[in-house]
Structure formats: C-alpha cells, structure tokens
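These are my notes from a first pass through the structure shown here. I went from the whole chain to its parts and wrote down what I looked up.

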Amino acid sequence: MSDEQFDLPHNSPVQPTRLELEDKIKFRCHKDISCWNQCCARADVTLAPYDIIRLKKHLGIDSTEFLAKYSVPFEIDAHGIPGIKLRTDDSGACQFMTDQGCSVYEDRPTACRYYPSGLLSMRALGEADDEQHFLLIKEDHCKGHDEDNIITIADYRKEQGVEEFDELNRDYYRIILKKKSTGPTIGAPSEMSLQLFFMASYDVDRFRRFVMSDAFVKMYDLTDEEYEVLEKDDVELMKFGFILMKQVFFGEMEIKEREGAWEKRAEERREILEYRKQAEIAEYEKKQEEARKAAIDSGTEHAED
Ligand code: SF4
Ligand code: SF4
C-alpha cells in the first residue's frame, strides 16, 4: 500500500491514504447488516454522463425529464463548469431507495458502485494523461468495514461493475481535469460553451436534437452514416459530445467544419440582427405616432369643451 498522505479536513470520512488497484480493503455490504440503507438515506451522489444514460433508460424517460425530476445542479469549479447530483427527498434520502434496497440497482450510478472507495483522478504538471488512484471512505454509520472480508480494489471494482462506467466516462473526467489545470491560461469559458457542455454531458436527448438541427449540419462536415449512428445510439452521441467539447474548450479540431461555415453563419447572424434592429425601429416609430395622435385627439377634445 502506498504511504502517500493527503492533507484532509480533520473530520473527513476519507481515509487519507492513496490506494492502488492491488491494495486490499476490509469491507462487505449485505442485506442483513445493521446499517442496511443508511448510506442511501443520506445520499450525496454526483452523476457522470453515462450514469444518466443508464438511469433514464432504466426509468423509461428521456434525459430532459430525468434531469428535471431526479437531479440538482452544482458548479464543479470556480469557472462555473456545471455538474449534476442526484436529487434527494427532504430528509436527504435518495429517491431510488426502498426497504428492499436500491430500486435501480443494475443501473445505479458510478459513485454508488465505488462506495466505500472513491476515485482520485490526478494530472501531474506537464503530463498529457491523468493517473487514477483510489481512496477509502470510512463513515461511522457504515458497518461494512467491520465485516470479515478482504478484497483488492481491482476485484471490488469488478464485483461492482465499475470498469464499464469508468471507461465510458473517462473523457468527461479528462475534460474537467484539463479545464481545471489549464484554467486561467485559456480563460473562463463563455456562457454559451458552458451551456453546450451541460447539454452534451447530461442532456443527451436534447443534444441529439441540436446535432440533428439544420444549423449544426450546415456547420460540421459529418457523413450520413455518422449522423445515422448519432441519431440512434446514446453512447456514441455521448462520446461525440466529448469530442465536440474538446474542440470548443481547447481547440482540438477533430470534427471537420464545413468550409466558410463560420463566415456564412456570421453573415446570417448579421442579417438577422439588422432585420431585428429595423423591426424595433419600426415598432418604436409606430408607438411614437400613436402617442402623437392620442395627444392631438385629447387636445382637440379640450378645445371643444
Ligand atoms: S441510486 Fe441506489 S445505491 Fe445509489 S444512493 Fe440511490 S438508492 Fe442508494
Ligand atoms: S454497509 Fe455501508 S454501504 Fe452497506 S448498507 Fe451499510 S452503510 Fe450502506
């Protein structure tokens, strides 16, 4: 086990030791344990993009409805990168908790699968890739640590089905990590790019409508086959969203833009703005005319008195 120590708040439930895949933990959770459901009764679960795809499919609703009913937003960093957590009821319990346990168990989020370990993604200064390490979370109410079961982090991840989730969410974590580490050198993201990040990361069904829109098709040079895949496949669309965000945030140009598309769009926008300006002037002049007419009419009435 690594002896690296971290400076954590005094009362943090996180054991300040970095764990690697082959390190062992002593833990078991089962239905007959005295603390059954206590972790879900005070749930603080951050969601990643693939979590939402699995949960909305399980519930048979689209991502927009899922976000409205089951999520609350928060800001991941000082630049306002948006994140999503599971919404709890007024007592702090997860809405998916039942007496029998988790009602979405097969599709439960990554954070629930990891517990009581946690993922620690780090990117060393000057390194292109992130490193993954793990932490142990020990909370007083969780009696799983008293159980007589020794297991490696690698086996625990396998047992909980974490690997697929981590693999599919990896680029999302990388974007957040890179955004945090480049921060002020690239500058604060625009409001529009933050909205795009939210839609591409969490609201996959709305993102699909955006990708299929005329404006998008005019801008990006994708083949019909590529559009067909994005129209049908949530996971492929999510991956495409990560590529688009790398393009928007860091200028990594992987998606081909149509020649002259930006200039054409700027020209169209200029025309729209000019049209709006003219319409506003016409409306203003109409109101002025009406006001003048009303003033003349009222003056005529007084004169007649
Ligand atoms: S999703 Fe399931 S495992 Fe996760 S907090 Fe809710 S009830 Fe518990
Ligand atoms: S052992 Fe820990 S993870 Fe399992 S039910 Fe109890 S509090 Fe939750």
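**Entry 1: the whole chain**

I began with burial: 20% of the 305 residues in the chain are buried. The model is a predicted one, and I kept that in mind for every entry. I then looked up the secondary structure and found twelve helices and ten strands. For the contacts, I took those between residues at least 6 apart in sequence; of these, 68% join residues at least 24 apart.

**Entry 2: confidence**

I checked the pLDDT next. The average over the chain is 87, and 85% of the residues score at least 70. Residues 1-10 stay under 50. For that stretch the model has ten contacts beyond four places in sequence. Where pLDDT is low, predicted coordinates should not be read in detail. I left the stretch there and moved on.

**Entry 3: the two ligands**

Which residues are around ligand 1? I listed Cys40, Ala43, Val45, Cys94, Phe96, Met97, Cys102, Val104, Arg108, Pro109 and Cys112. By class, this shell has ten nonpolar residues, no polar ones and one charged.

I did the same for ligand 2. Its surroundings include Cys29, Ile33, Cys35, Trp36, Asn37, Gln38 and Cys39. Also around ligand 2 are Tyr115, His141, Cys142, Lys143 and Gly144. This shell divides into seven nonpolar, four polar and one charged residues.

**Entry 4: Asn37 and Tyr115**

Two residues from around ligand 2, Asn37 and Tyr115, came up again when I looked at the backbone. Asn37 lies in the loop between β2 (24-26) and α1. Its phi is near 80°, a positive value in a residue other than glycine. Is Asn37 buried or partly exposed? I noted it as partly exposed, because 16 other C-beta atoms lie within 10 Å and a buried residue needs 20 or more.

Tyr115 is joined to Pro116 by a cis peptide bond, with omega about 15°. Pro116 itself sits in the loop between α4 (110-114) and β8 (117-122).

**Entry 5: Ala41**

I picked Ala41, which belongs to helix α1 (residues 38-41). With 16 C-beta neighbours inside 10 Å, Ala41 counts as partly exposed. Leaving out residues up to four places away in sequence, Ala41 touches Gly92, Ala93 and Met97. Met97 was already on my list for ligand 1. I also looked up the distance to Gln95: the two residues are 54 apart in sequence, and their C-alpha atoms are 9.2 Å apart.

**Entry 6: a sheet of three strands**

Strands of a sheet pair through backbone hydrogen bonds, either parallel or antiparallel. In what order do the strands of the open three-stranded sheet run? I read the order as β3-β5-β4, with antiparallel pairing. β3 (46-47) and β4 (71-75) are the edge strands, each pairing on one side only.

I followed the pairings one by one. β4 is joined to β5 (residues 82-86) by five bridges. Val72 has Lys85 as its bridge partner in β5, Phe74 stands opposite Gly83, and Glu75 has Pro82. β3 and β5 pair over two bridges. On that side, Thr46 stands opposite Lys85. Lys85 thus appears twice in my notes, opposite Thr46 and as the partner of Val72.

The hairpin of β4 and β5 has six residues between the strands. In this hairpin Gly80 takes a positive phi near 80°.

**Entry 7: two helices**

Helix α2 (residues 49-59) is mostly covered, with eight of its eleven residues buried. I wrote the buried ones down as Pro49, Tyr50, Asp51, Ile52, Ile53, Arg54, Leu55 and Lys56. Just after α2 comes Gly60, with a positive phi of about 70°.

How far apart are the end C-alpha atoms of helix α11 (residues 234-250)? I found 24 Å, which agrees with the span of 24 Å that its 17 residues should have at 1.5 Å a residue. Its buried residues include Asp234, Met238, Phe240 and Gly241. Phe242, Leu244 and Met245 in α11 are buried too. Just after α11, Gly251 takes a positive phi of about 70°.

How values were computed:
Residues numbered from 1 in each chain as written. Chains lettered and ligands numbered in written order. Predicted model: local features only at pLDDT ≥ 70, side-chain atom pairs only at ≥ 80, totals over all residues. Near = placed C-beta within 6 Å. Nonpolar A, V, L, I, M, F, W, Y, C, P; charged D, E, K, R; others polar. Helix = DSSP H or I, 4+ residues; strand = E, 2+ residues; numbered from the N terminus. Buried ≥ 20, exposed ≤ 12 C-beta atoms within 10 Å, placed from the backbone. Contact = placed C-beta atoms within 7 Å. Pairing = 2+ DSSP bridges. Expected span 1.5 Å × (residues − 1). pLDDT = per-residue confidence, 0-100.
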